[in-house]
Amino acid sequence: MTITQLKYALAIAEHQNFTKAAESCFVTQPTLSTQIQKLEDELDVIIFDRGKKPIELTEVGRKIVFQARNIVNEADRIQDIVDQQKGFIGGEFRLGIIPTVMPTLLPMFLKNFIKKYPKVKLKIEELTTEEILIRINEGHLDAAIAATPLENDNIKERVLYYEPFVGYIPENHRLKDKKTIDVSDLDIEDMLLLEDGHCLRDGVINLCKTLGDNKEDNFQLESGSIETLIKLSNEGLGMTLLPYLHTLDFREKLAGNLRHFNEPSPAREVSIIYHKSELKMQIIDAMHNVISGIIRGAIAFSNVEIISPLNKK
């Protein structure tokens with residue numbers, strides 16, 4: 001068997017279709033089909049059940065694909081070893097970023113990183129944490145930036161920064177006259193939240209649950225973006241919690257609605273995460289160093305309490 005055959009098998013397992021798998025591997029379908037047939041003949045097993053639509057792995061096929069992923073990763077590590085020995089920081093690097101981090105962090109570090117490491121070809125996608133974990137495990141992302149800890153045995157985490165939550169409180173809200181707020185001031189029933197699937201939403205829910213209030217079914221309104229939450233709050237529909245970096249460019253009028261928490265401030269932990277196989281570590285290290293250096297000038301908080309991003313039902 002060959003590494004190429006194993007990569008073809010991984011592609012079919014992902015796309016569940018020979019044509020799409022061939023397109024993703026930049027070969028013709030007959031070429032891919034022939035190589036998979038040779039692999040099955042050599043092993044004397046059927047890896048894919050071609051009678052199913054979409055194509056499914058057989059029981060032994062699932063075990064083979066699992067091992068194939070490990071083998072392909074280890075083969076890729078050889079090039080990593082050579083690159084590190086030469087001190088080379090370059091090549092394609094696929095990075096996922098969660099939606100509540102992308103608009104604030106990316107403009108802060110991207111230009112600096114590209115200038116410092118021009119040989120790195122970044123491919124960046126905005127993805128939910130769930131999508132990120134799947135893609136890292138399947139080998140389709142080299143790393144990601146997400147809220148942690150994630151408690152995933154296949155994932156390693158390196159903290160980039162701790163980002164406090166800030167209350168956004170509109171006119172005529174019950175907390176408007178407070179200069180600072182406490183966690184005990186929060187009421188889940190007048191809290192505007194992001195839609196399900198956002199880890200920031202789960203973090204806010206977990207924060208409110210520390211009050212012993214478990215009324216998760218009474219949410220008034222949910223939205224897909226932080227900007228919409230702010231607009232809805234301005235309409236008097238409730239307060240919301242924002243990540244600190246989202247508040248740095250607020251105009252004076254909006255900034256007047258912000259309320260910081262008394263210390264220790266509730267905060268989220270933002271990390272660069274990657275597979276435990278530790279491929280492309282020279283690029284991950286470089287990105288960690290660039291972001292950490294830039295963020296120190298933006299976030300000066302130290303006395304914080306980390307709120308879990310995990311959906312704890």
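This tour moves from one helix to the core around it and then to a strand.

The model is predicted, with local features requiring pLDDT of at least 70 and side-chain atom pairs counting only at pLDDT 80 or more, while totals for chains, interfaces and linings use all residues. Residues are numbered from 1 along each chain as its sequence is written, and side-chain values use heavy atoms, leaving out hydrogens and water.

Select helix 5, residues 102–116, bearing in mind that helices (H or I, at least four residues) and strands (E, at least two) are DSSP runs numbered from the N terminus. Centre the view on F109, where helix 5 has a kink of about 35°, the bend being the angle between axes fitted to the seven residues ending there and the seven starting there. F109 is buried (under 20% relative accessible area, 1.4 Å probe, protein chains only), as are M102, T104, L105, L106 and F113 of helix 5.

Next, show the largest nonpolar core, a set of buried Ala, Val, Leu, Ile, Met, Phe, Trp, Tyr and Cys residues joined through side-chain atoms within 4.5 Å; this core has 71 residues, and F109, F113, I145, Y161, L241 and I273 are those with the most contacts inside it. Helix 10 gives the most to this core, with eight residues.

Finally, select strand 12, residues 265–275, where 11 of 11 residues are buried. Strand 12 pairs with strand 6 in the antiparallel sense over nine bridges, pairing being called when DSSP finds at least two bridges between two strands, and here E157 has I273 as its bridge partner. Strand 5 also runs antiparallel to strand 12, joined by five bridges, with A147 opposite V270.

Methods. Expected span 1.5 Å × (residues − 1). Buried < 20%, exposed > 50% of the residue type's maximum accessible area, 1.4 Å probe, protein only.
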